[in-house]
Structures are given as C-alpha cells and as structure tokens.
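Work through the exercises below with the model open. Try each task before reading its solution.

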Amino acid sequence: MAASLGLVSPQIPCIRRGNLAPCSVSRPGVYLPERNPMRNALRCCALERCVDDSVLGATSSSKLQKSRLVSMGSKLVGCGSAVPKTTISNDDLAQFVETSDEWIHVRTGIRNRRVLIGDETLTGLALEAASGALHMAGIAAVDVDLIIMCTSTPDDLFGGGSLIQRDLGCKNAWTFDITAACSGFVVGLITATRFIKGGGYKNILVIGADALSRYVDWTDRGICILFGDAAGAVLVQACDADEDGLLGFDLHSDGHGHRHLKATAVDSEAQIISNSNGAAIFCPKRASYSCIEMNGKEVFRFAVRCVPQSIESALQEAGLNCSNIDWLLLHQANQRIIDAVATRLQIPSEKVISNLANYGNTSAASIPLALDEAVRAGRVKEGDVIAASGFGAGLTWGSTIVRWG
C-alpha cells in the first residue's frame, strides 16, 4: 500500500542482513554478544538511509543517528503527586447509600477519597505530578526522552501521554500510554528501565494516573466506597550498571480472572445510516463503558495468594530476602489485603507504607502517590530498598524491587 502511494521505493527491501551479532541480556543488565557462528542480524534500512529525509522528516533522521548508551542501569531520582481538591468522606457517602463510616473503615481501611469535579481533569493532575517529579530530580523538561502514561481512564480515548508532553514542554520526548489498570505503574516502571538498559534513554517520566470515579456506580455501596482519583509520577534516570536501582521484577497476567474485575464496553442503538435514496446501509454501534463490576471476595483471594509469591520471585531475582526490605509498598486497594500480604511475608507493620485511609483505591496512581508522600515526609531515604507490587483488573499483577535514589 505504501509503495503504491509512492512513499517507499518497491525496489528497496525494508529489512537487510548485516554483520551485527545478536545480543542477549545477562542480569543485572550487561549486554553480551552471543556466541553464534551465524553472525548475521536484521537491521532496518532506515538506519542506512534507504528512506530519504523527505519521508522520515529531519527530526526523525537526526533521532536515528543519536548515539545509544546500552548496558546502563537506572535509578529513581524524583517523584511527585497530585489529588483533586474535593474530598468525599465515608459520612458523605452515608447520605445517599446505606453505609456508615464504621462499616466502610472496618472492611476496607478507607476514611476518605478525592474525586474530580468541575473543570478539573486527569491530565491536569498528571501534569502537576510530573512537574513535581522533575523539580525534585532537578531535570529540565527538554531533557526528558520518554513519557510513559499509565492509565485506564484517560481524558482522551486515544491516550493522554502526548498532552503531558505538550503541556510540560518536553519537546524532545516521545510518549505512549499503558493500560494495565492497578498494575499499570509497576508495568510502566519496569518498561522504563528496559528503555534505559537496552535503548540508551537517559531520563524517563513514568506517570500513574486514574479517575475511576467516572466509572463508579454511586448507588452501589460495595463499589462506590472504594475508589478515588489521583496522579503520581517518578523520574527514572540512567546510571552506571553497577549503580542499578532496579534489583529484580516479576510480571503476570491471567485473563481467566477478567470476569472478577472489569468495566466493559456497552453497545447502544444508533441512528441507521442511509444512502441518498433513503435505503438503509448499516447501523453502526455506539459504545460507552459500563460501571466497574467487581467480585470483591475473588479479588481478595487472588491478591493475598498471588502477590506474596510475586514479591518473593522478584526478591529471588534480586538475590535478597524479606529481611532486606526497608519498605513494602503495595497497590492501595484494601487495608486487609495489605495486612495479609505483609503477614505472609513476615514484614512488620512499621515497614509498610499505606495512605489508603486518605485516598482509597486510586488504581495506577496509588503506588507513586504513596511513594511521593513517604519520600517528602522523610520516611523513605536514599538507598532504601522498596518492594512494590501492583495487582488488579486483567487480571494482572507484578512486583519490583527498587532502591530509592
């Protein structure tokens, strides 16, 4: 199709063989050439300027020529967060659903949650959180190479990362969105370290932001008590391999559990499209998303079973055990889940970070929001080892062992 439009010459193959040896990863992240007698690798013809600048554009051409630093480590050097102005307390909820502050707090550990109202936007929260992370890290917006926006509830169906790139002034960065619900930030953080380790990126913003209040049935007391809106961000920076702050990670998905936590597309009737003679041609579907549906008991069982196993796997990869952890930082879903996981891992409560009572479940924002508060309060200090784990819809779950600073 591209060739027929004259964009790419059909006489030039897009992929060629060269004399580059393939590479493999040997943790903790040093790239080593494989001992392979067939030393031919595939490379894109764009790297050999097979496509002229008029197709790629001047900026793209210069990007392709940029030197890449591989075999680098990564470290977390800044964080930020933002929450909406409006607080909804348990007592507020009791005015329109049959519940009480005691009933909610005993079952969830939640006292309050923040909700977007008026002209507040999720993009605005994400922008504020990202600005805080850049300020703490001492990094200018123009020095950011990549922005990873982790959200399941963007202001725009096509994603929100590009809006952050524009409004923050990160003119040299590219961006993409990750949708992994409550596991999103952990997935984004690990993804960022791979771009640094294998792609030569130097400064990456990872943002977790969600506004689940948009998809809550506020008449369902089993759902509306749980969720709030927020954004959190970290700046991940390249460093020498021997200073690598990502010590280990573990990721999983199981679509068989999708039925236990979901917000699916719901089709509605639409106007029939007719031709100029009035004959019906087709009736396109118009969709919106349902409110969040959750089987709380099954999600609880899944979390307390799978999360400790995942953290232990990440620790094993890092060559550590639970006694080496300075802080346990879980997705803030339910205090009973947090307590159960800590108990199974034999981590004392004074090493557990939790701000669930103030914000509820903020999905992809919960881990960076709690981290930012702990860092700014002086609890988490440079060199501290953190075991972080996200889990939720998908079902997806994952853990990472990181060193702060």
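**Exercise 1. A parallel neighbour**

How many bridges join β19 to strand β20, and in which sense do the two run?

Solution. Keep in mind that the model is predicted. Start with the ranges: β19 covers residues 327-330 and β20 covers residues 352-353. Two bridges join them, and the strands run parallel. Now pick out one partner: L329 is matched with I353 in β20. Next, trace the connection. Helix α10 (residues 335-344) forms a β-α-β unit with β19 and β20, and the unit is right-handed.

**Exercise 2. The other partner of β19**

Find how β19 pairs with β21, and name the bridge partner of L330.

Solution. Strand β21 spans residues 385-392. It pairs with β19 in the parallel sense, over four bridges. Within β21, S389 is the bridge partner of L330.

**Exercise 3. Side-chain directions**

Which residues of β19 point one way, and which the other?

Solution. Recall the rule first: side chains in a regular strand alternate between the two faces of the sheet. Then sort the residues. W327 and L329 point one way from β19. L328 and L330 point the other way. Last, check burial: all are buried.

**Exercise 4. The surroundings of I353**

Is I353 buried or exposed? List its contacts beyond four places in sequence.

Solution. I353 lies in strand β20. Its relative accessible area is 2%. The cut-off for buried is under 20%, so I353 counts as buried. Now the contacts. From β19 come W327, L328 and L329. The others are Q332, A370, A374 and V380. Take V380 as a distance check: it sits 27 residues from I353 along the chain, and their C-alpha atoms are separated by 9.5 Å.

**Exercise 5. A five-stranded sheet**

What is the strand order of the open sheet of five strands, and which strands form its edges?

Solution. The order is β5-β11-β10-β8-β9, with mixed pairing. The edges are β5 (73-82) and β9 (174-178), since each pairs on one side only. From one strand to the next, the twist averages 20°. Look at the β5 end: nine bridges join β5 to β11 (residues 229-239), and the two run antiparallel. There, G80 stands opposite A233 in β11.

Finish with the helices. Helix α6 (residues 161-168) packs on the sheet and touches β8, β9 and β10. Its direction makes about 145° with that of β9. Helix α12 (residues 366-376) also packs on the sheet, touching β5, β10 and β11. The direction of α12 makes about 90° with that of β5.

Methods. Residues are numbered from 1 along each chain as its sequence is written. This is a predicted model: local features need pLDDT of at least 70, side-chain atom pairs count only at pLDDT 80 or more; totals for chains, interfaces and linings use all residues. Side-chain values use heavy atoms; hydrogens and water are left out. Buried means under 20% relative accessible area, exposed over 50%, partly exposed in between (1.4 Å probe, protein chains only). Two strands pair if DSSP finds at least two bridges between them. A crossover is right-handed if, with the strands pointing away from the viewer, the path from the first strand over the helix to the second runs clockwise. Axes are lines fitted to C-alpha atoms, for helices over the stretch in contact, and angles run from 0 to 180 degrees between N-to-C directions. Contact means heavy atoms within 4.5 Å.
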